[in-house]
There are 2 protein chains.
Amino acid sequence: MSKAADSSARASVKIRDVAAFADVSTGTVSNTINHPERVHPRTRLLVEQAIRELGFVPNQQARVLTGAVSNVIGLVVLDVESPFYMGAAHAVERSVRDSGLVVMLCNSEGEIVRESALLSMLAAQHVRGVLLAPATPEEHADRYVNLPQDLPVVLLDFDGGATHCSVSVDNVAGGALAVRHLLDLGHQRIAYVGGSLSLRQFAQRAAGARQAMADAGLDPEEMLTEVSVSGLGIRDGQRAVELLLEGTLPEAIFCGNDMLAFGVYRGLVNAGLRVPEDVALVGYDDIDFAKNWVVPLTSIRQPIDDLGHQAAQLLLDHSSRDSSHVHRQVILKPELVVRRSTDRRVEPRRPGSAGGTVKR
Amino acid sequence: MSKAADSSARASVKIRDVAAFADVSTGTVSNTINHPERVHPRTRLLVEQAIRELGFVPNQQARVLTGAVSNVIGLVVLDVESPFYMGAAHAVERSVRDSGLVVMLCNSEGEIVRESALLSMLAAQHVRGVLLAPATPEEHADRYVNLPQDLPVVLLDFDGGATHCSVSVDNVAGGALAVRHLLDLGHQRIAYVGGSLSLRQFAQRAAGARQAMADAGLDPEEMLTEVSVSGLGIRDGQRAVELLLEGTLPEAIFCGNDMLAFGVYRGLVNAGLRVPEDVALVGYDDIDFAKNWVVPLTSIRQPIDDLGHQAAQLLLDHSSRDSSHVHRQVILKPELVVRRSTDRRVEPRRPGSAGGTVKR
DNA sequence: TTCAGAAAATGAAGCGATTCAAATACCCTA
DNA sequence: TAGGGTATTTGAATCGCTTCATTTTCTGAA
């Protein structure tokens with residue numbers, strides 16, 4: 001804009017330079033930035049002009065040092081490549097964006113050592129607060145008393161009990177939802193395919209499955225076959241089918257996540273079985289692929305956006321009114337999405353008629 | 001460990017407190033942290049002890065303020081939910097982790113306004129440097145002269161010309177690779193299905209496809225059908241097939257990404273055609289699903305890990321030896337992964353024999 | 001025992017912004 | 001035109017840490 005605009009690219013401009021340029025004191029510059037109402041409109045214009053000419057950007061480190069709250073929040077997840085966490089991350093980001101905050105995304109990779117390193121790093125950065133998907137294998141929520149006291153933390157996808165704020169999704173309810181749906185359709189012999197039960201989520205989903213059977217008056221011990229595979233991918237699902245085929249085939253299969261379900265699907269097809277005619281199939285997570293799978297997959301949808309959003313709000317709340325904050329635990333309910341893999345009456349959707357051009 | 005350990009959770013401990021506790025000066029504490037060799041072993045032990053007792057964590061803001069380089073690097077991507085960028089992010093993180101750096105992941109969502117807001121925010125944070133996947137639609141690399149001069153930037157998945165460091169993948173080569181493969185298999189009438197050509201990557205891949213045909217002595221105008229669809233998902237691929245079926249069916253189809261290829265697959269199957277018997281199919285990106293698709297998909301693999309790794313190295317290099325840094329452009333080559341969707345001789349892999357247990 | 005030189009420890013001066021008590025400028029009334 | 005009150009502006013002190021010129025302590029040779 002101005003002839004001096006390119007000077008912005010010179011060495012870092014500090015508040016003193018702006019003050020000198022506008023011929024006012026540093027205090028006035030600071031005020032026009034942080035308390036514009038305190039400075040005379042004429043002066044304000046002058047200073048704003050100078051700021052623009054010089055391309056001044058206040059040093060955030062210095063600001064925070066003098067007591068301002070940081071505009072950074074930390075987000076520690078177990079896996080940056082997981083659609084679940086990235087969905088949540090995105091939701092978090094969207095909901096704090098308007099408050100001028102940015103998210104510092106960190107990856108603990110499920111390792112406690114790395115996790116605590118990250119936490120103290122975030123504390124050292126004096127971030128505004130942290131959203132943490134804990135790497136703790138079981139409900140050792142008490143472990144987290146070691147967190148830096150003055151670091152507001154909200155637990156993500158984990159119920160923190162009374163000692164922490166947290167937002168989680170009810171996995172037991174999700175498991176129950178899936179199995180109840182299958183029971184409603186008239187299936188009775190059901191298999192649950194899940195990852196290692198030492199993974200909290202899978203154990204809870206299995207528990208929900210059992211509970212739903214019991215509620216329906218069936219004996220889970222007898223009617224529910226539980227298969228645990230070591231991994232969580234498509235191939236593991238295929239493997240699970242092989243294990244299942246060694247016994248009596250169940251009428252329906254509920255998988256701990258969608259990838260396993262896809263694998264199960266392939267395994268069934270390879271064995272000459274049809275979904276849902278011969279076996280009904282339910283996944284978990286409702287990832288993008290579920291609705292576009294060869295046979296669209298019935299799945300349990302996690303309220304990911306809500307999860308991220310609520311966590312962010314909780315953190316903002318937690319980190320602003322520093323006095324008298326009561327920890328709150330939000331537990332969200334998952335949702336059943338019925339598709340063809342359990343119900344042949346659901347019509348396959350035709351592709352939309354969106355635009356497209358061909359050049360021959 | 002010590003009886004005073006829990007005091008760490010008290011209010012924030014500063015270097016003065018440590019100094020008082022260990023009965024030394026602040027300078028000495030600082031030295032034992034940053035230049036241990038300058039302080040007497042005996043004293044050092046004392047101070048380290050005190051640091052531990054008090055749970056002292058130096059305020060990073062203050063450190064940076066006094067001139068230390070930050071241990072944070074920024075990473076600005078176009079989409080936090082894209083496996084491509086998250087793969088790269090993960091690689092970046094892994095390769096800087098050992099240097100004690102953390103990554104601040106930001107999402108420009110492809111919007112230039114947001115992008116520049118993020119950049120000046122990162123500059124204000126005084127991060128060590130930034131890896132940027134630019135939101136600029138075309139090669140307007142010159143636009144980036146506006147970047148804060150003292151902010152080292154490495155462009156990601158974008159060739160920055162001589163004015164910037166950059167690491168990118170050769171999309172033209174990728175397109176050529178795919179089409180050459182199809183030509184080698186004896187196919188001649190080929191279709192390219194891509195997203196809007198205004199997306200740099202897709203335009204380049206299409207160019208590569210054309211070039212490969214020309215190199216083989218075929219006229220792209222005549223033998224290559226180009227289909228552009230508006231979206232990039234499975235449904236869009238299905239739509240593309242409908243468009244293609246209005247004309248003569250090509251012998252092979254090359255898609256600008258794997259999702260489109262999956263859609264094309266479904267479209268073909270719906271039309272009663274087999275892959276690869278009736279039509280050969282090639283995707284792009286080699287996402288996880290490609291190798292596990294009903295018919296494993298031949299695809300062009302992007303060297304994502306390498307991309308992230310090299311970018312990180314370039315940035316570290318760029319941001320350390322501040323003097324005399326020459327901008328380097330790294331261009332990586334994509335790789336062809338042949339699977340059944342183009343070559344029926346490739347045996348479908350059997351699922352592994354990994355562990356699994358059944359409880360009946 | 002003394003003393004030069006090396007080693008270790010000290011503590012005041014910044015880093016860049018914000019704050020706030022104190023100093024000025026401005027306005028209006030008497 | 002003086003006086004009192006409000007509106008602005010000023011600039012030194014401060015945040016927590018690092019640096020570095022000094023001071024103090026230690027070594028070992030003379």
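Modeller: Before we look at the surfaces, a word on classes: Ala, Val, Leu, Ile, Met, Phe, Trp, Tyr, Cys and Pro count as nonpolar, Asp, Glu, Lys and Arg as charged, and the others, Gly among them, as polar. Please keep in mind that this is a predicted model.

Colleague: How many residues of each class make up the surface near DNA strand D?

Modeller: That surface divides into seven nonpolar, 12 polar and two charged residues, whereas the surface near DNA strand C has eight nonpolar, 12 polar and three charged.

Colleague: Which residues come nearest to DNA strand D?

Modeller: A residue is near a strand if one of its heavy atoms lies within 4 Å of it. Of the 21 residues around DNA strand D, the nearest are Ser25(A), Thr43(A), Lys14(B), Ile15(B) and Arg63(B). Of the strand's atoms that come within 4 Å of the protein, sugar and phosphate account for 80%.

Colleague: Which polar side-chain atoms lie by a phosphate oxygen of DNA strand D?

Modeller: Thr43(A) places a polar side-chain atom 2.2 Å from a phosphate oxygen, and an N or O atom in the side chain of Arg63(B) is 2.9 Å from a phosphate oxygen of this strand. Among the helices, α2(B) gives the most to this surface, with three residues.

Colleague: And what surrounds DNA strand C?

Modeller: There, 23 residues surround the strand, with Lys14(A), Ile15(A), Ser30(A), Ser25(B) and Thr43(B) the closest; sugar and phosphate make up 77% of its atoms within 4 Å of the protein. A polar backbone atom of Ile15(A) is 2.4 Å from a phosphate oxygen, while Asn34(A) brings a polar side-chain atom to 2.8 Å from a phosphate oxygen.

Conventions. Residues numbered from 1 in each chain as written. Chains lettered and ligands numbered in written order. Predicted model: local features only at pLDDT ≥ 70, side-chain atom pairs only at ≥ 80, totals over all residues. Heavy atoms only, no water. Polar contact = N/O pair within 3.5 Å; in protein donor to acceptor, adjacent residues only side chain to side chain. Helix = DSSP H or I, 4+ residues; strand = E, 2+ residues; numbered from the N terminus.
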